[in-house]
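Colleague: Could you walk me through this model? I'd like to hear the reasoning behind the labels.

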Amino acid sequence: MEMVVIGTPQQFRDCRQKFGEAHAWKHFAQRHLLDGQADVIFDFDPDPTDLSVYDQRPDAVVFLEAMHASVASRLTHRFSYGFCGWPTFLERALFEVGVPKVSDGDKLRQVCAALGTDFQPVADQTGLVTPRVIAMIVNEAYFAWENNIATRADIDLAMQLGTNYPHGPFAWASRIGTARIANLLNTLQAETGNERYRASAALIADAAVSPPLGN
């Protein structure tokens, strides 16, 4: 299969490592540079206002980063899906896929089999499921630290030992990028009006001084 990644060089490397070197891979920094007849496209920064390039490729399977908005549902063809491209998430054995109601489930199974990955379909929504959960855990850790319940190191250790998480919430936030987590929470609060997604002041402050989001 011909695989195309639209994103940073690191995101391109992450996809190749996750889905294997056996496929023909191409990397483009921007979607308008697409050429040829790609079989599978991973877009790490889709623009919800301009997805027309994908409507012109009805046979391609398109995975669209769903951390800013649920954009897969806005395409007219059936082979569009959401995914999380945050750092560490493509390292997971299970590939979480947001599936719009109009999408073709058989096609998704075929493609994931060809990619050699187990997958879990979830509703196509901003942040999918696991990223929402991780963002909320990180946010609660920041609230606990703000309230002087424990140090960051102690919170990380407690969560690793108590819940068997692979990383503590602060270490995880550092690997993912605090700006990504804060942006997702802000988007969810704006979409839902739910106060549960309000980002802590400390998280917002860390996000403001975090490195640029490009990998």
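Modeller: Sure. In this predicted model, the second largest pocket holds about 230 Å³ of space.

Colleague: What makes a residue part of the lining of that pocket, and which ones are closest to its centre?

Modeller: A lining residue has an atom within 4 Å of a pocket point. There are 12 such residues here, and Asp14, Gln17, Thr88, Leu90 and Glu91 are the closest to the centre. Helix H1 (residues 9-19) gives the largest share of the lining, 4 residues.

Colleague: How do the lining residues divide by character?

Modeller: Into 4 nonpolar, 4 polar and 4 charged.

Colleague: On to H8. What makes you say that its buried residues line one face of the helix?

Modeller: Buried means under 20% relative accessible area, and in H8 that label goes to Ala202, Leu203 and Ala207. Looking down the axis, the buried residues stay within an arc of 135 degrees, so they line one face. On the other side of H8 sit Ala201 and Ala208, which are exposed.

Colleague: What do the buried residues of H8 pack against?

Modeller: H4 and H7. Take leucine 203: beyond its neighbours within four places in sequence, its contacts are Asn139, Tyr142, Thr178, Ile181, Ala182 and Leu185.

Colleague: And which members of the largest nonpolar core touch the most others?

Modeller: Of its 30 residues, those are Met67, Trp86, Ile176, Ile181, Leu185 and Leu203. Helices H4 (130-146), H6 (169-176), H7 (178-192) and H8 (201-208) supply at least two core residues each, with the largest share, 7 residues, coming from H4. There's also a second, separate core of 21 residues, including Phe44, Phe79, Val111 and Leu115.

Notes:
Residues numbered from 1 in each chain as written. Predicted model: local features only at pLDDT ≥ 70, side-chain atom pairs only at ≥ 80, totals over all residues. Heavy atoms only, no water. Core = buried A, V, L, I, M, F, W, Y, C linked by side-chain atoms within 4.5 Å. Buried < 20%, exposed > 50% of the residue type's maximum accessible area, 1.4 Å probe, protein only. Contact = heavy atoms within 4.5 Å. Arc of directions from axis to C-beta. 1 Å grid on protein atoms, 1.4 Å probe; cavity = no way out; pocket = protein on both sides within 12 Å on 5 of 7 lines; lining within 4 Å. Points joined across faces, edges and corners; volume = space filled by probe spheres on them. Nonpolar A, V, L, I, M, F, W, Y, C, P; charged D, E, K, R; others polar.
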